[in-house]
Amino acid sequence: MTSRRDVLAGLGAFSLTSAWLPRPAVARNRASIAIIGGGFGGASAAMTLRTVLPDAKITLIEPNPTYTACPFSNLVIAGLRSLDQQVFSYDGLRSQGIEVVATRATDVDPTQRVIETEAGTQISYDRLILSPGVDLIWDAIEGYDQSATQRMPHAWKAGSQTTLLRDQLRATEDGGVVVMSVPAAPYRCPPGPYERASLIAHYLKTEKPRSKLIILDAKDSFSKQALFEETWETLYPGMIDWRPGSFDGRVTRVDANAGTVFTDFETLTPAVSNIIPPQRAAEIAMRAGVTDSTGWCPINAQTFASTLQPNIYVIGDATIAAPMPKSAFAANAQGKICALQIARDLAGLPPAPSVLSNTCYSHAAPEAAFSISGVYGTDGGIFSSRAGGTSDLGASADMRAREALEAVDWYSAVTKEAFG
Amino acid sequence: MIRTFALILSLGLVGCGSPSSDLDSINEVAILAATCSGCHAPDDAQAIVSLDGYSVDALRQSLLLYQTDEGNSAMHRIARGYSADEIEQIATYLGDTGEGL
């Protein structure tokens, strides 16, 4: 049996035998660490850094005065939850001594280690963590630009888009058709569109039973597909028409003013169009020079250090971390581990081996959920899949209800850890 | 003067606090166990328990049971991704030894 003492033996070189050698002075480290992006990744990294580096200067740069969380926002769209429950203040971070700067980072000079901001200020750093999230690529679907989102919401960044889609659904007459457009991978929250479809179907079944939902998908398969299809068959029979990419599912063009959605062979004019466009790492990542030709950020899986620029780390949706998904759970785990590895580096310690995990819960109905989990190794700086799987098909209502409770608990734990 | 000041500083480095407690928070086991708190909050919730107050033995046995049990909850799937040695380290790190850790 291993005792705590044995576990710490790896550290013993420091704690027991090196009394006369310089010690890693973590508590006295006054490094400046900047974090761009106050989502699950950035906030979790900032909170972790604050704990392990009490004397470091930690600055979080985030233009939005509050954070509006995407997980559970599909419940808002279905009228089952208020948007207020998605909103988190940065006061929890400020109260820990993290400087939260409410401006947008507009450029990064990796050589000078300086961030330029929209406010015209310059912020220098010893280490920079980028947790910028995704940008939606305008006109990747012809005609779908920023102005089109007011008529055809994406609701893929939570906030006013979420309530706009909810309100459009509410305003639809019974019998009205709803269309969702889903991009090819990779994109934020792989099972998210299908959870949304399930909850929109729940809303329609309850309020507008003659309505239907068509999913136009650029892909031929998707996350938790068997579970979602089972749900749709049992809970919402005949309501959801999923059209895969190879069966004319790919949306090629929209005309927002006319409310028209085009595929290669069909023209639809639904009552509501929810267009989720293709995505890439947010622009600041490109400005910092940490994206590659895919538009995403290659990183070392163990440390989250950019493979392209020194002293910059990237976490969350912007990274190339497959098989880890772009999820809030993953961003939280990555933020914590990145912060700990940076603290080790500042203390003169080598990166520690790490294991990451993820679980994404999806609601099939208000009180029924299922999940996909994965555990990931990072040996050699490369992600590998160690274990994982999805909830059972045909599980009891009790099991689905139990997973819905787990989802609530996870949301509560992860938002508390990230935002205090 | 400068020499004296430097000496005080270096004595300070040796004497202030406990270096091992500084390092505990960033040691290899801390990194191995970092993901747990994403779901397990300090207080019990509806379906996900707090890990506070569990002994090392209880945590080890529980994690090993999740590996071998036939169930398929999220925790079953996650436990199966860790080696016996990693489970031992995590249980030892997070487990309550009664020493006020």
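Where in chain A is the place of Phe72(A)? Keep that one in mind while we get oriented; we'll select it a few stops from now. One thing to know before clicking around: this is a predicted model.

**Stop 1: chain A as a whole**

Start by showing chain A alone. You should be able to pick out eleven helices and 24 strands. Turn it around and you'll see that the C-alpha trace spans about 80 × 55 × 40 Å along its principal axes. A compact globule of 420 residues would have a radius of gyration near 22 Å, and chain A, with 23 Å, agrees with that. Buried residues make up 51% of the chain. If you like contact maps, here's one for you: among contacts between residues at least 6 apart in sequence, 69% join residues at least 24 apart.

**Stop 2: Phe72(A)**

Now back to the opening question. Select Phe72(A), and you'll land in the loop between strand E3 (66-68) and helix H4 (73-77) of chain A. Check its backbone: phi is positive, about 80°, although this residue is not a glycine. Phe72(A) is also buried, with 20 other C-beta atoms within 10 Å.

**Stop 3: the loop between E6 and E7**

Move along to Gln112(A), in the loop between strand E6 (105-109) and strand E7 (114-117) of chain A. Is Gln112(A) buried or exposed? It counts as exposed, because there are 9 C-beta neighbours inside 10 Å. Draw a distance from the C-alpha of Gln112(A) to that of Tyr125(A), 13 residues apart along the chain, and you'll get 9.0 Å.

Stay in this loop and click on Arg113(A), which is also found between E6 and E7. Here is another positive phi on a residue that is not a glycine, this time about 55°. Arg113(A) has 18 C-beta neighbours inside 10 Å, so it counts as partly exposed.

**Stop 4: a cis proline, then H7**

Select Ala185(A) and Pro186(A) together. The peptide bond joining them is cis, with omega at about 0°. Pro186(A) belongs to the loop between strand E11 (177-182) and H7 of chain A.

Next, select helix H7 (residues 192-207) of chain A. From its first C-alpha to its last, H7(A) reaches 22 Å over 16 residues, close to the 22 Å expected at 1.5 Å a residue. Since 13 of those 16 residues are buried, H7(A) is largely enclosed by the rest of the structure.

Add helix H8 (residues 225-235) of chain A to the selection: the two axes come within 11 Å and cross at roughly 10°. That makes H7(A) roughly parallel to H8(A). To see where they meet, show the side chains of Tyr194(A), Ser198(A) and Ala201(A) on H7(A), and of Phe228(A), Thr231(A) and Trp232(A) on H8(A). By class, this contact has four nonpolar, two polar and no charged residues.

**Stop 5: another cis proline, then H10**

Now jump to Ala322(A) and Pro323(A), which are joined by a cis peptide bond with omega at about 15°. You'll find Pro323(A) in the loop between strand E21 (319-320) and H10 of chain A.

Select H10(A) itself. With 19 residues, it reaches 27 Å from first C-alpha to last, close to the 27 Å expected at 1.5 Å a residue. How many of the residues of H10(A) are buried? The count is 18 of the 19, so H10(A) is largely enclosed by the rest of the structure. Just after this helix, click on Gly348(A), which takes a positive phi of about 80°.

**Stop 6: where the chains touch**

Bring chain B into view. Here 51 residues of chain A are in contact with 38 residues of chain B. On the chain A side, the elements giving two or more residues include helix H3 (40-52), helix H10 (328-346) and strand E23 (368-377). The largest share, eleven residues, comes from H11(A). Color that side by class and you'll have 26 nonpolar, 14 polar and eleven charged residues.

**Stop 7: chain B**

Finally, show chain B alone. It has six helices and zero strands. Of its 101 residues, 39% count as buried.

For a last click, try Ser55(B), in the loop between helix H3 (28-32) and helix H4 (56-68) of chain B. Ser55(B) counts as partly exposed because it has 13 C-beta neighbours inside 10 Å. Leaving aside neighbours within four places in sequence, Ser55(B) is in contact with Gly95(B) and Asp96(B). The C-alpha of Glu28(B), 27 residues away along the chain, is separated from that of Ser55(B) by 20 Å.

How values were computed: Residues are numbered from 1 along each chain as its sequence is written. Chains are lettered from A and ligands numbered from 1 in the order in which they are written. This is a predicted model: local features need pLDDT of at least 70, side-chain atom pairs count only at pLDDT 80 or more; totals for chains, interfaces and linings use all residues. Axes are lines fitted to C-alpha atoms, for helices over the stretch in contact, and angles run from 0 to 180 degrees between N-to-C directions. Helices (H or I, at least four residues) and strands (E, at least two) are DSSP runs, numbered from the N terminus. Angles under 35 degrees count as roughly parallel, over 145 as roughly antiparallel, 65 to 115 as roughly perpendicular and the rest as oblique. Two residues are in contact if their C-beta atoms, placed from the backbone, lie within 7 Å. Ala, Val, Leu, Ile, Met, Phe, Trp, Tyr, Cys and Pro count as nonpolar, Asp, Glu, Lys and Arg as charged, and the others, Gly among them, as polar. The expected span of a helix is 1.5 Å times one less than its number of residues. A residue is buried if 20 or more other C-beta atoms lie within 10 Å of its own, exposed if 12 or fewer, and partly exposed in between; C-beta atoms are placed from the backbone. The radius of gyration is taken over C-alpha atoms; the globule rule is 2.2 Å times the number of residues to the power 0.38.
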